[in-house]
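Colleague: I've got a fresh model open and I'd like to learn how to read its features properly. Can you walk me through it?

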Amino acid sequence: MGEWHSLTAKAAMERLVSKETGLTSEEAEKRLEQHGRNVLESGRKISVPKLLAEQFMSPLVLILIFAALVSLFFEKGIDAYLILAIILLNGIFGFVQNYNAERSIEALRKIGGQKALAYRDGLLVEVEAWRLVPGDVIYLHEGIKVPADCRFIEAEELNVDESVLTGESVPVQKTAAAFPEAASIPEMRNIAFMHTTITSGRGKAVVVGTGKGTEVGKIAGQLVAIEEGPTRFQQELEGMGKKIGLGILAIVGVIAATMLFLHDASPVEIFLTSISVAVAAVPEGLPAVVTLSLALATRKMLKKNSLVRKLSVVEELGSVEVICTDKTGTLTENSMTVQEILFGWKIFTVTCAGRSTEGEFVLQGKKIDPTELKPILLCGLACNDTIIENAGTEARFTGDPTEVALAVVALKGGIHAAEMKRVKTIPFTSSRKMMTVIIGAGGKKTSYSKGAPEVIVGSCTHILLNGKKAPFTDRAKKQVLAENGRMASGALRVLGFAQKEIAGKGNPEEGMVFLGLQGMIDPPRLEVKRALDTARQAGIRVIMLTGDNLETARAVAGRIGFTGKAIDARELSGAGEAEFGRVVLDFDVFARVSPEQKLEILRALRKKGLSVAMTGDGVNDAPALKQADVGIAMGIRGSDVAKEASDIVLLDDNFATIVETIRQGRGVFENIRKFVLYLLASNLAEVAIVFVASLTGRLAITPVQLLWVNLLTDGLPALALGADQPKAGIMATPPRKKSDGVISESTGKLLLLMSSVMSLIILAVFFLYLPRGIVLAQTMVFTCFVFYEFTKLVVIRRIDGLGMLTNKWLLLSLAGSIAVQLLLLYTPASGLFGVAALSLADLGVVVVGGAIAFAANSIGARLIMGKVTGAEARPT
């Protein structure tokens, strides 16, 4: 921010070569050319061709494209068109999803289209906010967004909501006085920051920073500079593709040498066999199934109030180890609520948080009639500038959050001010620390005051006890102030209340009757504590980051259930990398956190090898949201910048929804692992069969038949596996380690088992039928692959203790695959796929082979599962 807050208003004006009547239009234009527009950096523009091209650059897709081109050149059949069609559809689908995600940087340009009231040529005129320059003098009033960083030169009862920048829910009262140079952003009470909101009052200020020179601009600049890397799952898929590619090259080399030197095959035959190997080795359906499964998962999450903006992040949710969360509006309601009242030496608690006018007043565990509290509730409502619309259960409130809280608690108690007429107002000032109104009702005048407890206590000579005035002794005053200290230590913001019946011309703020205290807080969400417990049971650490002071942060954290240590982040300003890294592992609550420190904390955690999710709603959260493994923004209270920088937007702003989202993410990864296992078992078997058959100079299955198996008869059941719900107890296990890949040791053994059993049985069938003709032998191989799907599924379902009847989509896909296969065999479509009709005896052979495969897989799976621990046996 520079040193503007430490200068007097006069010194700031002199340094900017400006005056209270503002700049001339000519000077403003010169400065606009010098400083540039008052807009945020837009960053790089979205490149549609680049995004589209990225969808076709993975190793798996490149192998398929090569195979399609070779097939198109040599065979002129439908193989190439089938391959290219699936590549194109998958690419378009992925492009649409990623295009939406990349719009996050574009959104930064849309934020600054507002107007501003500026003094130009001595006149107050409306100008486009982007035309503001340093030295402009602007007029600020209740309800407007601050258009640039500016230093107040006048401030009348002016309060600013800075939660979008600092995370603090209580508006900050502004002044024109100077502050120490070492002051932090929340302490710069003479500065109004871009995109904060004036909640009350009015004032004049001189612009000291525009565009990227503002605090918000600096955050936006960090956001633009952040480069996002691939998720762990994307890296695993890419690595798998490279391994498959190298494997294909090795196998094709052996096959080519064998066919050329042992069977004297022609180049065309060698190429066609190579295509078969490539098609067999590549799980063509995998990119499509992964994409569609993630898309289906996003639909499930949307029903749970989680809007996923980036498909690839769904799987990453399941491996989150740390959640860094902002306090205000995420863990709390972002709405001040009266929770405790001291009246007549009794302490009352108030139920129901937020702006609901429903609730109960409780004394020593028993519900009481709130009319007992009428004097103090009426005082809070009378001494109040809140605008109330529809004063019922659906009431809407506009005004200062503290005054809104007082209005809400009064309505809860059935108090209304319809017959009260305000005669005079003595406004609150930072020096007086109290506000007084004089109300006329029933021919009488009464003054009502609220303010800092010590000030209100000092203005009183009596106290209201049992409906009667009693002397307010020094001892009693000390007791009240002690209660004030107790309430404040629990993170409550405490106000004192007093009244006085006015007779004559006496001072309405002297000789008052003390009514009591009201303590309010931005309360934790009711469901947050349980959600935090669930997260911890799942092995997920939660860190609270807030702009509040250390005492408030510690108190709120204790209410929610944080038991770890708390620290003022300003103590870390000079810490080295090693010390900083130690602190982020040792402390769970960070107070007075600046936007830059949030990003530093995130980076320190990631350097420790941890997978980190960041939640938040303010502009100050945006850089960390962008760089986190999973960025989660609040949909209701969240700023546009935060939403567009995030991967997921919570539509209900409910922290508990995060836990459900992580549960769904874990389920998605397990489903992905299951269908990867399912698909690769077929691919390994296909490669082995094509390889062994090629050694004899034969092609066991044609490329088009392989495509049919890989894309449809294997692809549909694989997609159905993605519809499995997360299993019970999935949140009772720790996040998967980074060393745990899609294929673990135990699932690797199962993969080899299933592919080996399938290869041996189908090869036996192929060579059994080869003497009766290559077409019939290929048809038998083709049909065996389709009918043997269930043998793989039984093993995969058994891993999670699931039966075949628990997923109706899986049963439908299996029945559909078999039905379509029979249509291919016994309709004119058989010509397209080069198959022959099979007799009942031939189908009987297929069934017998399937029964053998089923028995072998079941026995082998039981042996493998028995040799590993339960944790290893599960695909987690």
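Colleague: Let's start with charged contacts: which residue forms a salt bridge with Asp629, and how far apart are the closest N and O atoms?

Modeller: First, this is a predicted model, so local features need pLDDT of at least 70 and side-chain atom pairs 80 or more, while totals for chains, interfaces and linings use all residues. Residues are numbered from 1 along each chain as its sequence is written, and side-chain values use heavy atoms, without hydrogens or water. A salt bridge here is a side-chain nitrogen of Lys or Arg within 4 Å of a carboxyl oxygen of Asp or Glu. The partner is Arg606, with the closest N and O atoms 3.1 Å apart. This pair links distant parts of the chain, 23 residues apart: Arg606 is in helix α19, and Asp629 is in the loop between α20 (622-627) and β27 (630-634).

Colleague: Where do those element names come from?

Modeller: They're DSSP runs numbered from the N terminus: helices are H or I with at least four residues, strands are E with at least two.

Colleague: And is Asp629 buried or exposed?

Modeller: Buried is under 20% relative accessible area, exposed is over 50%, and partly exposed is in between (1.4 Å probe, protein chains only). Asp629 counts as buried because its relative accessible area is 15%. Its partner Arg606, at 33%, is partly exposed.

Colleague: How many salt bridges does a search of the whole structure find?

Modeller: It finds 29. One of them joins the side chains of Arg202 and Glu156 at 3.2 Å, N to O. Arg202 sits in strand β7 (residues 197-209) and Glu156 in strand β4 (residues 149-161), so this pair ties together parts that are 46 residues apart in sequence. Both ends fall in the middle class: Arg202 is partly exposed at 42%, and Glu156 is partly exposed at 45%.

Colleague: Which residue does Lys607 meet in a salt bridge?

Modeller: Lys607 meets Glu577, side chain to side chain, at 3.5 Å, N to O. Again the pair links distant parts of the chain, 30 residues apart, with Lys607 in helix α19 (residues 595-607) and Glu577 in helix α18 (residues 577-586). Lys607 is exposed at 61% relative accessible area, and Glu577 is exposed at 63%.

Colleague: Which residues are linked in a network of salt bridges?

Modeller: Try picking out Glu187, Asp568 and Arg570, which are linked in such a network.

Colleague: Now for the greasy side. Which residues form a nonpolar patch on the surface?

Modeller: A nonpolar patch joins Val, Leu, Ile, Met, Phe, Trp or Tyr side chains within 5 Å, using residues with over 30% relative accessible area and no salt bridge. Here Leu260, Phe261 and Leu262 form one, with about 380 Å² of accessible area together (Shrake-Rupley, 1.4 Å probe). Leu262 is in the loop between α8 (232-261) and α9 (267-281). Why call Leu262 exposed? Because its relative accessible area is 67%.

Colleague: Give me a residue at the other end of that scale. Where is Ile323 placed?

Modeller: Ile323 is in strand β9 (residues 322-326). Ile323 is buried, with a relative accessible area of 1%. It's also a good reminder to look past sequence order: Ile323 and Ser611 are 288 residues apart in sequence, yet their C-alpha atoms are 8.8 Å apart in space.

Methods. Patches are made of residues with over 30% relative accessible area and no salt bridge: like charges are joined within 9 Å, nonpolar side chains (Val, Leu, Ile, Met, Phe, Trp, Tyr) within 5 Å.
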